[in-house]
Amino acid sequence: MIKSRLLAARSDLTDLSSAKRILLIIGGGIAAYKCLDLIRRLRERGHIVRVVMTKAAQQFVTPLSVAALTNERVFTDLFDLDDEREIGHIRLSRDTDLIVVAPATADLLARMAGGHADNLATAILLATDKPVLVAPAMNPRMWLNPATRRNVEQLKRDGIDFVGPAIGEMAERGEAGLGRLVEVPDLLAAIESRFSSASDDKPLAGCRVIVTSGPTHEPIDPVRYIANRSSGKQGHELAAAAARLGADVTLVSGPVSIGEPAGVRIVRVSTAEEMLAAVKHALPADIAIFAAAVADWRMATPNTSKIKKSTSDAPPALTLAENPDILKTIAQLRKGRPPLVVGFAAETNDVIAHAKKKLKSKGADWIVANDVSSPIGVMGGERNAIHLLTSAGVESWPEMSKAEVAIRIVTRAAAHLATLKRDAAE
Ligand SMILES: Cc1cc2nc3c(=O)[nH]c(=O)nc-3n(C[C@H](O)[C@H](O)[C@H](O)COP(=O)(O)O)c2cc1C
């Protein structure tokens, strides 16, 4: 019911090239200043931006700066009679293609989840029939607080889309973690992908997609494990992008500390063996994208109790066993192989040569290769520069946000699947 309301709401979005009407609600967080850059970039792309600022937001940026950048008046007060006659909160909530809340404070999320309408921002959010994209920004402890977790879960169930938060330094000295507003280019990509997916008429509607994401944790003993630096950001963005294109998505995720994408079924696993079992269980699928950084090895026999450090003994020798190769297993299935199998190759040298070998040896259809030693900090970072290897050759894409990489890969996958289906029908 919520989904159909959202689909209906989104169906009135027109194509990417035409101007969109965006209602930006700025909350009272330290990251509010980033909205000035966001407004500038949205306007550069031809979009019309109207802004509502909460009372707290006006402590961080002035309505005057926002009005100068939008070339429109800024709305701040629910009880402004002029506004109510000319353009009341109901019209503000409807005369738009998308509502973006950035930065979304913990307080604003709580009031949205509770259905409050005590100021202009919350009244609009309660009255709207348009899609809403929320970009939270707050201290990591606020984000991880059980109250915020509950509110976020509730909002996701209500059909609200989230982008971020990102991991990084906080404005407060010495504080870091999950809670930063996503960088402006990523917010921009998230906004524009809402328009593109809506106009594409959901090319993955009726398709099943499996995405793996994040690292795996292979236990050494009850307290230690073998892992890697994968954050899961690229895999989660892929799952979100596939869902936005209408797919029924199962995201099999290793242990990560990032937000969950909206509209996907999440299966949480820890080890490579669990991940393979979850992938097999999620079959059949039309597309399988293996973006997880699966540990190649696990302990042959994990210790059942903590390995004790002893000054006299030599360090323990860890005997490793090879983990199952999830990509190869699924790509080489005789029965039930997904028509499009995409693997990821994280390399630190000779990226394309290694990826070419991987494409052949695993039996995958595509390999997405990236150089994880690159200075842009692919592992854990927000951006990626990939090479796409297919039977047609190698394409090297420029550096872009992981959200943009995801939407491009998934759009390509949808087109490829359509060609396969057309060929099969002929
Ligand atoms: C200096 C300062 C920075 C703040 N930064 C944030 C923030 O980044 N995220 C957040 O959720 N709240 C932050 N707050 C608290 C909010 O401003 C406060 O909860 C307010 O009620 C939010 O109102 P609004 O959601 O209507 O904008 C900050 C407060 C101060 C004084």
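A residue counts as near the ligand here if its C-beta atom, placed from the backbone, lies within 6 Å of it. Keep in mind that this is a predicted model.

With that cut-off, 15 residues surround the ligand, and the closest are Gly 28, Gly 29, Thr 54, Ala 56 and Thr 105. What does the shell look like by class? It has nine nonpolar residues, five polar ones and one charged residue. Helix 6, spanning residues 106-114, gives the most to this shell, with three residues.

Now for the sheet. Six strands make an open sheet in the order 3-2-1-4-5-6, with parallel pairing. Strand 3 (74-75) and strand 6 (161-162) are at the edges with a single partner strand each, so one side of each has no neighbour in the sheet. Strand 1 and strand 2 pair in the parallel sense over six bridges, and Leu 23 has Arg 50 in strand 2 as its bridge partner.

Here are the two strands of that pair:

| Strand | Residues |
|---|---|
| Strand 1 | residues 21-26 |
| Strand 2 | residues 48-53 |

On to the packing. The largest nonpolar core has 124 residues, and Leu 24, Ala 102 and Ala 242 touch the most other members. Helix 15 (residues 402-425) supplies the largest share of this core, nine residues. Domain 1 (2-198) and domain 2 (202-425) each contribute at least three residues to this core.

Which residues does Leu 24 contact, leaving aside neighbours within four places in sequence? Leu 24 is in contact with Cys 35, Ile 39, Val 49, Val 51, Val 100 and Ala 102.

Terms used: Residues numbered from 1 in each chain as written. Predicted model: local features only at pLDDT ≥ 70, side-chain atom pairs only at ≥ 80, totals over all residues. Helix = DSSP H or I, 4+ residues; strand = E, 2+ residues; numbered from the N terminus. Nonpolar A, V, L, I, M, F, W, Y, C, P; charged D, E, K, R; others polar. Core = buried A, V, L, I, M, F, W, Y, C linked by C-beta atoms within 7 Å. Buried ≥ 20, exposed ≤ 12 C-beta atoms within 10 Å, placed from the backbone. Domains from an automatic or database assignment. Contact = placed C-beta atoms within 7 Å. Pairing = 2+ DSSP bridges.
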